[in-house]
Amino acid sequence: MERKVVITGMGIWSCLGKTLEEVRASLYEGKSGIVFSPERKEAGFRSALCAKVERPDLKPFVPRNLRQFMPEEAQYAYMATRSALENAQLEQDYIDSHEVGIIYGNDSVAEATVCAIDKFRQFKDTAACGSGSIFQSMNSTVTMNLACLFRLRGINLTASAACASGSQAVGLATMLIRNGLQECVVCGGAQETNPYSVASFDGIQSFSIREDEPTKASRPFDKDRDGLVPGGGAATIILESYEHAVKRGAPIIAEVVSWGFSGNGYHISTPNVAGPARSLEICLRNGNVSPKEIGYINAHATSTRIGDSREAQAIAQIFGDYNVPVTSTKSQTGHEMWMAGASELIYSVLMMKNNFIAGNINFENPDEETCCINVIPETREGHFDMFLSNSFGFGGTNSTLIVRNM
């Protein structure tokens, strides 16, 4: 018998804040975390726009001999996970005596890899890479570090699925719990924010060049969008079976109703309509949810011309004449990439629990391909009990989650 899967804790480290309350306020107020980076312009970037994410100080929490294994995104993930475990009232004594797993989304460790190879080239000696470099430069670095630091003894897995990584991590954790293979899983997504991690994206002109107005650069679905803005950080969600959560007296925030996924089987970077539409359709069907039960859609929309239009068409295809409210929080955060599927789940839960929909800031006019959906440009107060969140990535990997209020 399939079991109900619930969210009992959330933690985040993003350009909108480092606590749930800070992030809630930023969403409600329509605050943008996008800035102009002189460092990137001097380095040769076509676009110097990015989200401003503060680097955490781990010295009070993690010994130096263990910090050497942690690249930038693992540091963000550590802070987000500390907060999520506290939010879920999961103490270390409980973790030590129970099987708690971890599935985290991550799909690059550019800075750590570049730094290690630079040292090797400079000194012509592999030992110059340093003893921590191998653990820093692997895609599984986040789960590797967090599992050891928090002594997690359940599933230990990294989801590398481009910009769907965080969402796929939540979906996989949900499936394991639903089928009785785990009782509790720490899941989420992390994204490094250093220039090395996105230089190649800038090289193919993926980024907005609206450098004179940084906070207006990310404009999903708007007809004047000219590219995405890179962001990052980390977001952690604690998932448990409903029975497990009740037994330990955990705070129950929401239920993960359904997970849908698909592959485009098409172009490596250009999305189509059929793949995303199938992900939406499968998610609704798996959860036995009708489109009109969805009160809000958090769109993947990254502020790119083709991506936004294809997603709008997919939503319109599945939801028909139902004018479901749609926004992309990337208008405020930029594209948080491997982290986005997890952070946007948290953003949406915060809206649902606080009775508002954060506006899709910078949305002024649709184009002929995005006018088919109901994009909300400014914060709207109102209650909803169920939302859908989309995450789509390079290679045509699609993930959709539906979450219900509890």
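These legends go with a set of close-up views of a predicted model.

**View 1. The largest pocket and what lines it.** Let's start with some empty space. Rolling a probe the size of a water molecule over the atoms shows where such space is left. Here the largest pocket has a volume of about 580 Å³. Its lining is made by 33 residues, and those closest to the centre are Ser269, Pro271, Thr302, Thr304 and Phe394. Two elements give two or more residues each to this lining: helix H13 (305-319) and strand S14 (386-393). H13 supplies the largest share, with six residues. Sorted by class, the lining comes out as 16 polar, twelve nonpolar and five charged residues.

**View 2. A nonpolar patch on the surface.** Which residues form this patch? They are Ile134, Phe135 and Met138, and together they have about 250 Å² of accessible area. To find your way, look for isoleucine 134 in helix H7 (residues 133-136). Isoleucine 134 counts as partly exposed because its relative accessible area is 48%, and the partly exposed range runs between 20% and 50%.

**View 3. A salt bridge between arginine 151 and aspartate 96.** Side chains of opposite charge can pair when their charged atoms come close. In this pair, the closest N and O atoms are 3.0 Å apart. Aspartate 96 sits in helix H5 (residues 92-96), while arginine 151 lies in the loop between helix H8 (141-149) and strand S5 (156-159), so the salt bridge ties together parts that are 55 residues apart in sequence. Both ends are partly exposed: arginine 151 has a relative accessibility of 43%, and aspartate 96 has 32%.

**View 4. More salt bridges, buried and partly exposed.** The whole structure holds 17 salt bridges, and here are a few others to look at. Glutamate 213 pairs with lysine 216, with 3.8 Å between the closest N and O atoms. Glutamate 213 is partly exposed, at 31% relative accessible area, and lysine 216 is partly exposed too, at 38%. Then there is the salt bridge of arginine 219 with aspartate 222, at 3.1 Å from N to O. Are these two residues buried or exposed? Arginine 219 and aspartate 222 are both buried. Finally, Arg225, Arg305, Asp308 and Asp367 are linked in a network of salt bridges.

**View 5. Leucine 90 and glycine 9.** These two residues are 81 residues apart along the chain, and their C-alpha atoms are separated by 8.7 Å. Leucine 90 belongs to the loop between helix H4 (72-87) and H5. What is the relative accessible area of leucine 90? It is 6%, so leucine 90 counts as buried, the limit for that being under 20%.

**View 6. Positive phi at phenylalanine 221 and methionine 337.** Most residues other than glycine have a negative phi. Phenylalanine 221, though, has a positive phi near 70°. You can find phenylalanine 221 in the loop between helix H10 (199-203) and strand S7 (233-241), buried at 0% relative accessibility. Methionine 337 also has a positive phi, near 55°. Its place is in the loop between helix H14 (330-333) and helix H15 (340-353). With a relative accessible area of 1%, methionine 337 is buried.

Notes. Residues numbered from 1 in each chain as written. Predicted model: local features only at pLDDT ≥ 70, side-chain atom pairs only at ≥ 80, totals over all residues. Heavy atoms only, no water. 1 Å grid on protein atoms, 1.4 Å probe; cavity = no way out; pocket = protein on both sides within 12 Å on 5 of 7 lines; lining within 4 Å. Points joined across faces, edges and corners; volume = space filled by probe spheres on them. Helix = DSSP H or I, 4+ residues; strand = E, 2+ residues; numbered from the N terminus. Nonpolar A, V, L, I, M, F, W, Y, C, P; charged D, E, K, R; others polar. Patch = residues over 30% accessible without salt bridge, like charges linked within 9 Å, V, L, I, M, F, W, Y side chains within 5 Å. Areas by Shrake-Rupley, 256 points an atom, 1.4 Å probe, with all protein chains shown as cover. Salt bridge = Lys/Arg side-chain N within 4 Å of Asp/Glu carboxyl O. Buried < 20%, exposed > 50% of the residue type's maximum accessible area, 1.4 Å probe, protein only.
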